[in-house]
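Work through the exercises below with the sequence and the structure in view. Each task is followed by a solution in steps.

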Amino acid sequence: MTDQAMAPVLLYDGVCGICNRSVQSILRFDRRGTLRFAALESDFARAIIARHPELRDVDSMVFVDNPGRPDEHIDVRSAAALRVLSYLGGPFRLLLAARIIPAGLRDWLYDRFAAVRYRLGGRHDTCPLPGPGVRARFLDA
């Protein structure tokens with residue numbers, strides 16, 4: 001299996017303006033260039049959700065390690081955000097101090113923000129297409 005096939009994948013709300021801007025920021029700061037992306041509305045994400053039924057009603061970011069492998073692992077909501085920070089490394093690692101906040105409280109805060117994300121950042125009718133320079137990192141794009 002190639003490194004690309006085992007590279008982590010971030011599932012995100014493809015119609016959310018804030019989510020799309022966050023993905024663009026991740027792309028800008030990703031020094032490794034291996035993290036891949038898929039909208040929650042994509043066929044790729046639907047396959048992940050089929051393997052993890054607990055994700056069926058999740059409307060959140062999902063960080064997927066080893067996608068499609070027997071040791072596939074998922075992190076959701078605030079844990080997924082922390083995984084992104086860890087993946088990016090560098091100065092972003094300072095924000096990992098948020099791990100001291102109990103997961104229940106972190107997820108509650110995450111959910112409060114998620115509930116207003118469309119009002120704050122807008123909503124697209126469809127998932128915007130990534131630019132040609134990064135399109136290969138988007139699954140089902």
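**Exercise 1.** With which residue does D75 form a salt bridge, and how far apart are the closest N and O atoms?

Solution. The model is predicted, and side-chain atom pairs count only at pLDDT 80 or more.
- Step 1. The partner of D75 is R83.
- Step 2. The closest N and O atoms of D75 and R83 are 3.3 Å apart, and the cut-off for a salt bridge is 4 Å.
- Step 3. D75 has a relative accessible area of 16%. Buried means under 20%, so D75 is buried.

**Exercise 2.** Find the salt bridge between D65 and R83, and state which parts of the chain the pair ties together.

Solution.
- Step 1. In the bridge between D65 and R83, the closest N and O atoms are 2.3 Å apart.
- Step 2. D65 belongs to strand 3 (residues 62-65), while R83 belongs to helix 4 (residues 78-88), so the pair ties together parts that are 18 residues apart in sequence.
- Step 3. D65 is buried, at a relative accessible area of 18%.
- Step 4. R83 reaches 24% and is partly exposed.
- Step 5. R83 thus appears in a bridge with D65 and in a bridge with D75.

**Exercise 3.** Locate the salt bridge between R77 and D111, then state where each residue lies.

Solution.
- Step 1. The closest N and O atoms of R77 and D111 are 2.9 Å apart.
- Step 2. R77 sits in the loop between strand 4 (73-76) and helix 4, and D111 sits in helix 5 (residues 103-121). The pair links distant parts of the chain, 34 residues apart.
- Step 3. R77 is partly exposed, with a relative accessible area of 26%.
- Step 4. D111 also counts as partly exposed, at 26% relative accessibility.

**Exercise 4.** How many salt bridges does the count come to, and which residues are linked with R117 in a network?

Solution.
- Step 1. The count comes to 10 salt bridges.
- Step 2. R117 is linked with D13 and D59 in a network of salt bridges.

**Exercise 5.** R36 has no salt bridge. Determine what its side chain reaches instead.

Solution.
- Step 1. R36 lies in strand 2 (residues 36-39) and is buried.
- Step 2. The nearest side chain of opposite charge belongs to E72, 8.7 Å away. A salt bridge needs a distance within 4 Å, so R36 and E72 do not form one.
- Step 3. The side chain of R36 reaches the backbone oxygen of A7 at 3.1 Å.

**Exercise 6.** How many aromatic pairs does the structure hold, and how are the rings of F37 and F138 arranged?

Solution.
- Step 1. There are two aromatic pairs.
- Step 2. One of them is formed by F37 and F138, with 5.1 Å from centre to centre and 25 degrees between the planes.
- Step 3. Planes under 30 degrees apart count as stacked, so the pair of F37 and F138 is stacked.
- Step 4. F37 is in strand 2 and F138 in the segment after helix 5, so far as position goes 101 residues apart; the pair links distant parts of the chain.
- Step 5. F37 is buried at a relative accessible area of 0%, and F138 is buried at 9%.

**Exercise 7.** Which residues make the nonpolar surface patch of about 300 Å²?

Solution.
- Step 1. The patch is made by L105, W108 and L109.
- Step 2. L109 is in helix 5.
- Step 3. With a relative accessible area of 42%, L109 is partly exposed.

**Exercise 8.** Find how far apart in space L139 and L11 are, and then V84 and L10.

Solution.
- Step 1. L139 is in the segment after helix 5 and counts as buried at 17% relative accessibility.
- Step 2. L139 and L11 are 128 residues apart in sequence, and their C-alpha atoms are 9.7 Å apart.
- Step 3. V84 is in helix 4 and counts as buried at 7% relative accessibility.
- Step 4. V84 and L10 are 74 residues apart along the chain, with 8.2 Å between their C-alpha atoms.

**Exercise 9.** Describe the protein as a whole: its helices and strands, their order and the buried share.

Solution.
- Step 1. The secondary structure comes to five helices and four strands.
- Step 2. Along the sequence the pattern is α-β-α-β-α-β-β-α-α.
- Step 3. The protein has 141 residues, of which 40% count as buried.

Note on methods: Residues numbered from 1 in each chain as written. Predicted model: local features only at pLDDT ≥ 70, side-chain atom pairs only at ≥ 80, totals over all residues. Heavy atoms only, no water. Helix = DSSP H or I, 4+ residues; strand = E, 2+ residues; numbered from the N terminus. Buried < 20%, exposed > 50% of the residue type's maximum accessible area, 1.4 Å probe, protein only. Patch = residues over 30% accessible without salt bridge, like charges linked within 9 Å, V, L, I, M, F, W, Y side chains within 5 Å. Areas by Shrake-Rupley, 256 points an atom, 1.4 Å probe, with all protein chains shown as cover. Lys, Arg positive; Asp, Glu negative; His and termini not counted. Polar contact = N/O pair within 3.5 Å; in protein donor to acceptor, adjacent residues only side chain to side chain. Phe/Tyr/Trp six-rings, centres within 6.5 Å; stacked < 30°, edge-to-face > 60°.
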